[in-house]
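Here is a short walk through the model, taken one neighbourhood at a time. Have the viewer ready and follow along.

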Amino acid sequence: MTRHNERVTTTSADSGRPRTRAGGARRRGKGSSALASERREHLVRLAAELFAEKGFQATTVRNIADEAGILSGSLYHHFDSKESIVDEILTGFYNEIMAAYRAVLDKGMNPRDTVAGLVRVAFGNLEPHRAAITVMQNDWNYLKGMDRFSYLIKSEAEVEKMWVDTLSAGQKQGLFREDLDPKLTYRMIRDTIWVAVRWFKPGGRLDAQGLADHYLKVMFDGINVH
């Protein structure tokens, strides 16, 4: 019996004939939909952890299914491939971080404070998006060659422009050194932040923002005594 054919019947006090209650099937359908959505989110979280630990390419559909305690075939009721799962993970990451970056830019602060805000956003994503950042580091060259992930190149280019424009503005205002290449500087900042995902442990001596504070001291003030 399909979900669309389900019926809940009651007996009329007047005629004794069965009567269909119109809302019953719809309510049950909504409940089933919510359960399926929760199951899908659970599978994404499990897959994300596996991608972070084993790498995207090394993780198989069977690995994900075993972790979830289901048959491999059951996974295909929710996703047509593991690429669909990582697509959802990466899309969520870029949507969130780009929105957070734009919010920093929209504050209209001076370039130094804007860069500091962007750094804090980046470090703040280490914990909630550990899997996405790890996949981007380990599997970027593999994924960017696939048509379905063409948006990654566009998104990364947009993020780079945010940073480079801010660094260039700081140079023009005399806040940053003129002899530094803004694009190279951004890429060095990006990579030194993202690589921290390999050793940063939530609940340790420093949280993500404490880590950002220390990073900003080194970046802006250096390690030499002034």
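F51 sits in helix α1, which covers residues 22-54. In this predicted model, F51 has a relative accessibility of 1% and so counts as buried, the cut-off being under 20%. Leaving aside residues up to four places away in sequence, F51 touches F56, T59, I64, K82, I85, V86, I89, T134 and V135. One of these partners, V86, is 35 residues from F51 in sequence, and the two C-alpha atoms are 8.4 Å apart.

**The chain as a whole**

Stepping back, the chain holds nine helices and two strands. Their order along the sequence is β-β-α-α-α-α-α-α-α-α-α. The chain has 226 residues, and 39% of them count as buried. Taking the contacts between residues at least 6 apart in sequence, 67% join residues at least 24 apart.

**Helix α2 and the annotated region**

I64, one of the residues that F51 touches, brings us to helix α2, residues 61-68. Which residues of α2 are buried? They are V61, I64, A65 and A68. Looking down the axis of α2, these buried residues fall within an arc of 95 degrees, so they line one face of the helix. R62 and D66 are exposed, and they are carried on the face of α2 turned away from its buried side. Just after α2 comes G69, with a positive phi of about 75 degrees.

This stretch also has a record attached: an unreviewed UniProt entry lists residues 60-79 as "DNA-binding region". Please keep in mind that such annotations may be inferred rather than shown by experiment. In the model, residues 60-79 are 60% helix and 0% strand. The C-alpha atoms at the two ends of residues 60-79 are 13 Å apart.

**Helices α4, α5 and α7, residue by residue**

Three residues make handy landmarks here. A100 is found in helix α4. With a relative accessibility of 26%, A100 counts as partly exposed. Its C-alpha atom is 9.2 Å from that of A122, a residue 22 positions apart from A100 in sequence.

A116 belongs to helix α5. Is A116 buried or exposed? Its relative accessibility is 12%, so A116 counts as buried. Beyond residues up to four places away in sequence, A116 touches L216 and F220. A116 and F220 are 104 residues apart in sequence, yet their C-alpha atoms are 9.3 Å apart in space.

S155 is part of helix α7. S155 is buried too, with a relative accessible area of 12%. Again not counting residues up to four places away in sequence, S155 touches Y94 and M98.

The C-alpha separations from this walk are gathered below.

| Residue pair | Apart in sequence | C-alpha to C-alpha distance |
|---|---|---|
| F51 and V86 | 35 residues | 8.4 Å |
| A100 and A122 | 22 residues | 9.2 Å |
| A116 and F220 | 104 residues | 9.3 Å |

**Two pockets**

Now for the empty spaces. The largest pocket has a volume of about 590 Å³. It is lined by 21 residues, and those nearest its centre are L180, T185, I189, M219 and F220. The elements that give two or more residues to this lining are α5 (111-124), α7 (150-172), α8 (182-194) and α9 (208-221). F220 thus appears twice in the tour, as a contact of A116 and as one of the residues nearest the centre of the largest pocket. What classes of residue make up the lining of the largest pocket? There are 14 nonpolar, four polar and three charged residues.

The second largest pocket has a volume of about 470 Å³. Its lining has 23 residues, of which M136, E156, R190, D191 and W194 lie nearest the centre. Helices α4 (82-105), α6 (130-143), α7 and α8 are the elements that give two or more residues to the lining of the second largest pocket. By class, this lining has 15 nonpolar, three polar and five charged residues.

If you place the two pockets side by side in the viewer, look for α7 and α8: both helices are listed for the lining of the largest pocket and for that of the second largest pocket.

Note on methods: Residues are numbered from 1 along each chain as its sequence is written. This is a predicted model: local features need pLDDT of at least 70, side-chain atom pairs count only at pLDDT 80 or more; totals for chains, interfaces and linings use all residues. Side-chain values use heavy atoms; hydrogens and water are left out. On a 1 Å grid over the protein atoms alone, a cavity is a set of points where a 1.4 Å probe fits but cannot get out, and a pocket is an open set with protein on both sides within 12 Å along at least five of seven lines; lining residues have an atom within 4 Å of a point. Grid points are joined across faces, edges and corners, and a volume is the space filled by probe spheres set on the points. Helices (H or I, at least four residues) and strands (E, at least two) are DSSP runs, numbered from the N terminus. Ala, Val, Leu, Ile, Met, Phe, Trp, Tyr, Cys and Pro count as nonpolar, Asp, Glu, Lys and Arg as charged, and the others, Gly among them, as polar. Buried means under 20% relative accessible area, exposed over 50%, partly exposed in between (1.4 Å probe, protein chains only). The arc is that of the directions from the helix axis to the C-beta atoms. Contact means heavy atoms within 4.5 Å.
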